[in-house]
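Reader: Please show me the model, and then let us go through its cores and one of its helices.

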Amino acid sequence: MSPPPSNGKDSGAARILGSGTSGIAELLIFHPVDTVAKRLMSNKAKVSFSTLSPIIFRDAATKPLATKFFSLFPGLGYAAGYKVAQRVYKFGGQPWFNDLINKHYKSHFSSTFGERKGKMMMQATAGSLTGIGEVVLLPLDALKIKRQVNPEAFRGRGVIRIFMEEGTTLYRGWGWTMARNAPGSFALFGASAVTKEYVLGVTDYSKATWGQNFIASIAGAVASITVAAPLDTVKTRIQNANFERKVHGMTVVKDLIKNEGASAFFKGLTPKILVVGPKLVFSYTLAQSLIPLFSKWV
């Protein structure tokens, strides 16, 4: 059984409430895994079984299990703001860009790629444009990452004071973020569309079943995370530095290759891939179910 389609009649408030609730639920379940991935990507030493616990749990490495678990929720407030805003933007933004491309450039895509492939390319291109625009949310993402891997950078300051004092430094790494998001979102929506079209035989994506969405989401997520992994590692290291320390992306790349080898670009990839498939299908299906429900009330 497929989730109820939006059919364009859902109100803006319902879209915000549905996708926002989806983001909150996703955050509470998957934030700890994201923290583990970020800490592994930020770690510059070689990882072994004996060093894994201190890397992941930091000061709570020798504490009881419950303390270890809750140590994986740093920066939850910033993460909530970022995740809710991201999901509202992504769920509403990609269809909007796709409608825009369909309206003005459909003939160009169809003549270049053919009608079937053109439809998939429009989905992927709309995703890429959405990913690039996501850079406006970078300050919240930067604060979330700093709380996860470098809490000393806050020195007891609140979020308002940090925004006032740091200003544009919160957009540090914006170019690398856009460079990561463009191919990453292209791969996410593109691979998902290709899977539905060629593997599952779905021509009307809005009529895909829960199982078909699950399979397509995993394919899109694995493609997206793998493609974006190297640039994501660079972006993370730029963002988790102290506020006053300006780190250049090319310096990060050179140091990483010199000290850790090229394979370090893919640090944290395994936990991300393991969580991102269920994560995307969870947030997608929940949003698609809640938006029509909220439309009955708002």
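The questions below take up the nonpolar cores and then a helix.

Author: This is a predicted model, in which local features need pLDDT of at least 70, side-chain atom pairs count only at pLDDT 80 or more, and totals for chains, interfaces and linings use all residues. Residues are numbered from 1 along each chain as its sequence is written, and side-chain values use heavy atoms, without hydrogens and water.

Reader: Which element gives the most to the largest nonpolar core?

Author: A nonpolar core is a set of buried Ala, Val, Leu, Ile, Met, Phe, Trp, Tyr and Cys residues joined through side-chain atoms within 4.5 Å; buried means under 20% relative accessible area, exposed over 50%, partly exposed in between (1.4 Å probe, protein chains only). The largest one has 8 residues, including Val36, Ile56 and Leu72. Helices are DSSP runs (H or I, at least four residues), numbered from the N terminus. Two or more residues come from each of α1 (12–42) and α2 (49–57), and the most, 3 residues, from α2.

Reader: What distance separates the end C-alpha atoms of helix α10?

Author: The expected span is 1.5 Å times one less than the number of residues. Helix α10 (residues 249–260) has 12 residues and should therefore span 16 Å, which agrees with the distance in the model, 16 Å.

Reader: How wide an arc do the buried residues of α10 cover?

Author: The buried residues are Gly249, Val252, Val253, Leu256 and Glu260, while Lys254, Lys258 and Asn259 are exposed on the other side of α10. The arc is taken from the directions from the helix axis to the C-beta atoms. The buried residues lie on the same side of α10 because their arc is only 100°.
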